[in-house]
Amino acid sequence: MTALPEINARRSNLKPLWKIALFCLVGVAALGATLSCSDAPRKQTITIYTSLYENVISEISPILEMEFPDLNVRWYQSGSEEVLSKLNAEIAAGSVKADIIMTSDPFWYEELKNAGHLMAYESPTAAQIPDALRDPDHFYVTVRVPVMVMVANSDSLPEGERPAGFSALTDAKWAGRVTMGNPLKSGTNFTTVAGVSKKYGWEYYETLRKNDAVSAGGNSSVISRVSTGEADVGIVLLENILKTKSDNPAAPLEIIYPADGAVIVPSPIAITSATANPDAARRVYDFMLSDAGQEAIVHANMYSPIDRIAPPRGARPWKEIREGALLEWSPEYLRATIERREEIKDEFSRIMFE
Amino acid sequence: MNPRTLKVGRIAFGIALFALTVLPLALVLARSFQNPPTRTPPPGLESPDGPAASHSRFTLQYYKKAYGEGANYRAMVNTIVMSLATVIFASLIAIPSAWLVTRTDLPGRAKFRFLLVLPYVIPPYIGAIAWINLCNPRVGWLNRLAGREIFDIYTLAGVVWVLGLFYFTFIYLNCVSAMENTDPSLEEAARVSGASPGRVFLTITLPLMRPAIFSGAFLVFAAASASFGVPELIGSPGHIQVMTTRIYSSIKTGGLDGYYLAAALSTILFAVAIGASSLSDWLAHARRVTALTGKSARRSQVRLGRWRWPAFGYVAMVFAAACVLPFAAVLATSFMKVAGNFSWDNLTLDQYRYVLFERQATLRGFVNSLMLAFGTATLAVGIGTVLAYLKGHPKRRSGPLLDACVNLPYATPGTILAFGLILLWSRPIALTDTLWILLIAYFAKYLSFAVKALTTNVQQIDTTLEEAARVSGAGFIKTFRTIWIPLLRPGMMASWFLVFMPAFSELTMSILLKGPGTETVGTTLFDLQSYRDPPSASVLAVMLLVLILSAYGAAMVLRPKAKTAS
C-alpha cells in the first residue's frame, strides 16, 4: 500500500480514484448500519431457529399469527447441523439472535444447558411428555421425534428379500448394497451410530465396512442413493421416506421397521437465556407442545412424543415404536453419550473412512 | 490534494480492506487459542470443577487435539495430493485448449472459446451430483450404457476428475486472455526462423503464459483445498478424508466448542494457502513478461494441418466431459419423477411447477442472489483493478499484507470465513442476518479472482505506453482511463464474470449467514436437495444455468469486437 507517492508529478489527480473507492466502502458500511438499526418493530419479535421443514413452518405460521397477534415470529430454517453451526457462532460472538431453538440433535441441548445458554421453563404442557424425554431441570423438552429406520428399493428388492433389521445388514449378501448417512456430518446419523455401536459394539461397523457399506452425506443423500438403485438398502429417517413418498408417489421406496427396533432421536425445544422477550418465548414454546403445534409436526411426518397424538400418515403408532426402540432413551444415556462423543466419531471415522 | 490527506485516504482504504477480508480470519485464529464463552451457570447447575471458565482464558487444548491425531495428518496429505493433482489435471486441459482456441485454425474455435467457459457456471456441488449419476459403480448411466462397471467415481481420481473439470476454467480464462493480449510478433519471428509450431509453443508461447498459468494454478489449488461439497459427496463413499471434511465435521457434530477445534485445524490450511500463493507468485514473477505493447494488432494463426481434426476432437471431448455430460444429467434429472429412471412414464413437469410457481421463496432467492452477485462483482472488479495495478505494475509495490487480504479468505473453507464474519459483524455494527454480510462474505471470498486475473493483465502491459502518455502531458487519471482501462477491459469483463457466477450460486457461507428473508439461490438449492428431492434441485440448477448462460451470452454479443479481429 506504499505505492502512491511515486506518482509525484500528478499526485492531485489521484484524488478521485481513492475517493471513489473510499466512498464505496463508507457507503456500504453506512447503509448497513442504517439498515440494521432501522428495523425497530412495535410488535415483540420472537426468532426461532429450527430444522423443521419449510412446509411445517408455512403450516404453523398462520396459526401463530392468529394465536399471537402481538408477536412477530421470524424463522431461520436450515439443516439441524447448520442451525447448530449458526447458533454456536453467535454464542462465540456473544450475540445470540435466537429466542427459541428446535433442532434434532439432543446432545447439543445438554451442552447448551451446562454452559448456561438456555433458560429453564417448567411448561405446564410439557407434563404430558414421558419423563425419559424431558430434561429433569426443565431446560428443554422433546417436541418431536424423528425415527431412524431402514428403507429398501422396492424395484430391486421384492418383499420377502428385504433385511429384517439393523443386525441383518452384517450378512455377506448385503455386500456393496447398503448405504447410510455420515455421522460426522449429520446429527441424526450420529445419534444412530451412538445407539447401534452401544447395542452391537464396533464389530457391527467393522463388518459393514468389510461389506463396503457407503456412509456419506445426510439423510437426503441416502434417499437418493436408494431411489436411484445405487444402493438397495439404506439406514435413514422415517420422515425422509414418508416425505419423498408423499411428494412423489412413484418413488420406489419401501419402509422397513427394523425388527431389532428403530433408533429414536428425541428432538428438543428450548428457550435461549439471551432472549429479550422471555414471556413471549414461553407462549410460543407452549404452543409448540399444544395439540395444534404437535399436529403440525405430525403432518411433517415426525412423531409427537405424546402417546395420544396420532402418528404420521402411513406410519406405525408411536407407542409401538417407543416401546420397541433399539435402545431405551434416558437422560443418563444422553449424558453418557456426550462423554463418548469424540470417541464415537473417531472410532467410526477410523473404521469407515480409513 | 496534499500528501497528508492522501496518506490518510490510503490508510483508511487499507484499513477498510483489511477489515473486510483478513480481520474476520484473525478473529477466528484468536478463538483457536481460547476457551468457549460460558454464561453464569443456572442455579443448581454449577460445574463440579469450580466456576465456569472465563471467556478469554488462553488454552492450547485445541491445537493438542488437532495436531495430536494421525487422522488429521492423513487428511492433510490427502488434501495436498488432491489439490496438486487437480492443478495438474486442470492445466493439462486448460493450456492446450486455450492455445488451440486463440492461436490456431481450429475448426469452430470462436465457438469453443466461449463454450469452454461454461463448466465454470455449474456449481461444483451440482456437478458432483451429476457425475455421481453418471459414474457411480452400480447404476451410473455411463456404466449402464457400457453394460458393465467401467467407471467408479468414488475414488481420489474421481474427486480430481470432477474438481479439475470445473476449476480448469480458472487457468483457461487466464491463458485465453493472456494469449489474446500478447504480441504475436515474437511467435512469428520464431516461426519465420524455422521453428516448428510445437517448438514455438514450448519455447515462446508457454513462457509468455507463465504468469497467467501460475496465478490460475494457485486459484485452482486453493479452490480445491478449500472445497467441501465435492470431497464430501464423492470422497467420503470412497473412504477419502480431507481437511475440510474434518473441519466441517468438527463444526457440525463437534458440540459447543466445535468451532474452536475447527479454527485450530484451519490454521494449517492458512499456512498452506500462504505457501501456495507465495510459490505461485514467485514462479509467475521469475521472469517478467511485458509482451502487450499495444503497438501490434496483427495476429496470424498457426496452421494445424493434419492435426486440425484430432485437435478438434480433443477440444470437443473436453467440452463434452466438462459441460455436455453434467448438464445433460442435470437437465434429464429435472424432468424425472424418480431420479435415474429412464422411462417415458417417469417424465414429469411437476418439479418445475413446484419450484417455480408453488414455492414462494424461490423467486426471493433469485432476486437476492442477483443483487448480491451484481454488487459483489462490481465491487470486486472496482477494488480489484486498483489492487492489481499495485500488485502488477513494475514500479508499484505491494506488501505481503495485501496478498493476505486477497488470498487468505479465498483459500479458507467457507464455514470458517462465515464464522469469522459472524464474530466481527455481530456488534457493535450488527450486519448479521442482512444482505450486507453476504455481500461482504462474497467480496472477501472472490476478490481473489478479480485480482489474480487482472494482475496477470497488468503485468503483461508494457509500461512504455503509460510513460508515453505521461510525457505527452496526460495526468494519472487520463493515463488510467485512456491506456490502462482499454487494455484491461477484456480482463475486467472476464473478472466480473469470474466473480459474478460463483457469487450467484454460493452455498456454504450463505447457509450460515442468511437470515429470515435473505435466502439466496444457494440456500434454495440446499433446501431443495435436502428436503425435497434431486429432481427439484435439478430444476433450480437448470434455471440457474439458463439464467447465467443468457447473461453471459448477452455480454459476449454486446462485447466490442474491434480488438480481437485479426
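**Exercise 1. The contact between the chains**

Task: In this predicted model, find how much area chain A and chain B bury between them, and describe the side of chain A that touches chain B.

Solution:
- Start with the area. Chain A and chain B bury about 8300 Å² between them. Of this, 60% lies on carbon and sulfur atoms.
- Next, take the residues. Chain A brings 100 residues to the contact, and chain B brings 89 residues.
- Now look for charged pairs. Four salt bridges run between chain A and chain B. In a salt bridge between A:Glu82 and B:Lys252, the N to O distance is 2.9 Å.
- Add the polar contacts. Between chain A and chain B, 24 residue pairs are in polar contact, both residues at pLDDT 80 or more.
- Ask which elements supply the side of chain A. Among those giving at least two residues each are H1, H3, H4 and H12 of chain A. H1(A) gives the most, with 13 residues.
- Finish with the classes. This side of chain A has 40 nonpolar, 32 polar and 28 charged residues.

**Exercise 2. Helix H4 of chain A**

Task: Decide whether helix H4 (residues 106-114) of chain A is largely enclosed or not, and find what covers its buried residues.

Solution:
- Recall the cut-off: buried means under 20% relative accessible area.
- Apply it. The buried residues of H4(A) include A:Phe107, A:Trp108, A:Tyr109 and A:Leu112. The charged A:Glu110 and A:Lys113 are buried too.
- Conclude. Eight of the nine residues are buried, so H4(A) is largely enclosed by the rest of the structure.
- Find the cover. It includes helices H3, H5 and H12 and strands S3, S4 and S12 of chain A.
- Inspect the ends. At the start, a side-chain oxygen of A:Asp105 comes within 3.0 Å of the backbone nitrogen of A:Phe107. Just after the helix, A:Gly116 has a positive phi of about 85 degrees.
- Trace the charges. A:Glu110 and A:Lys113 belong to a network of salt bridges with A:Asp135, A:Asp137 and A:Arg335.

**Exercise 3. Salt bridges within chain A**

Task: For A:Arg350 and A:Asp291, name the salt-bridge partner and say how exposed each residue of the pair is.

Solution:
- Take A:Arg350. Its partner is A:Glu206, with the closest N and O atoms 3.7 Å apart. The pair joins helix H12 to helix H6 of chain A, 144 residues apart.
- Check exposure. A:Arg350, at 42%, is partly exposed. A:Glu206, at 33%, is partly exposed.
- Take A:Asp291. Its partner is A:Arg308, with the closest N and O atoms 3.1 Å apart. The two are 17 residues apart.
- Check exposure again. A:Asp291 is partly exposed at 33%, whereas A:Arg308 is exposed at 54%.

How values were computed. Residues are numbered from 1 along each chain as its sequence is written. Chains are lettered from A and ligands numbered from 1 in the order in which they are written. This is a predicted model: local features need pLDDT of at least 70, side-chain atom pairs count only at pLDDT 80 or more; totals for chains, interfaces and linings use all residues. Side-chain values use heavy atoms; hydrogens and water are left out. Buried means under 20% relative accessible area, exposed over 50%, partly exposed in between (1.4 Å probe, protein chains only). Helices (H or I, at least four residues) and strands (E, at least two) are DSSP runs, numbered from the N terminus. Contact means heavy atoms within 4.5 Å. A polar contact is a pair of N or O atoms within 3.5 Å; within protein, one must be able to donate a hydrogen and the other to accept it, and residues adjacent in sequence count only if both atoms are side-chain atoms. Buried area is the accessible area (1.4 Å probe) that two parts lose on being put together, summed over both. A salt bridge is a side-chain nitrogen of Lys or Arg within 4 Å of a carboxyl oxygen of Asp or Glu.
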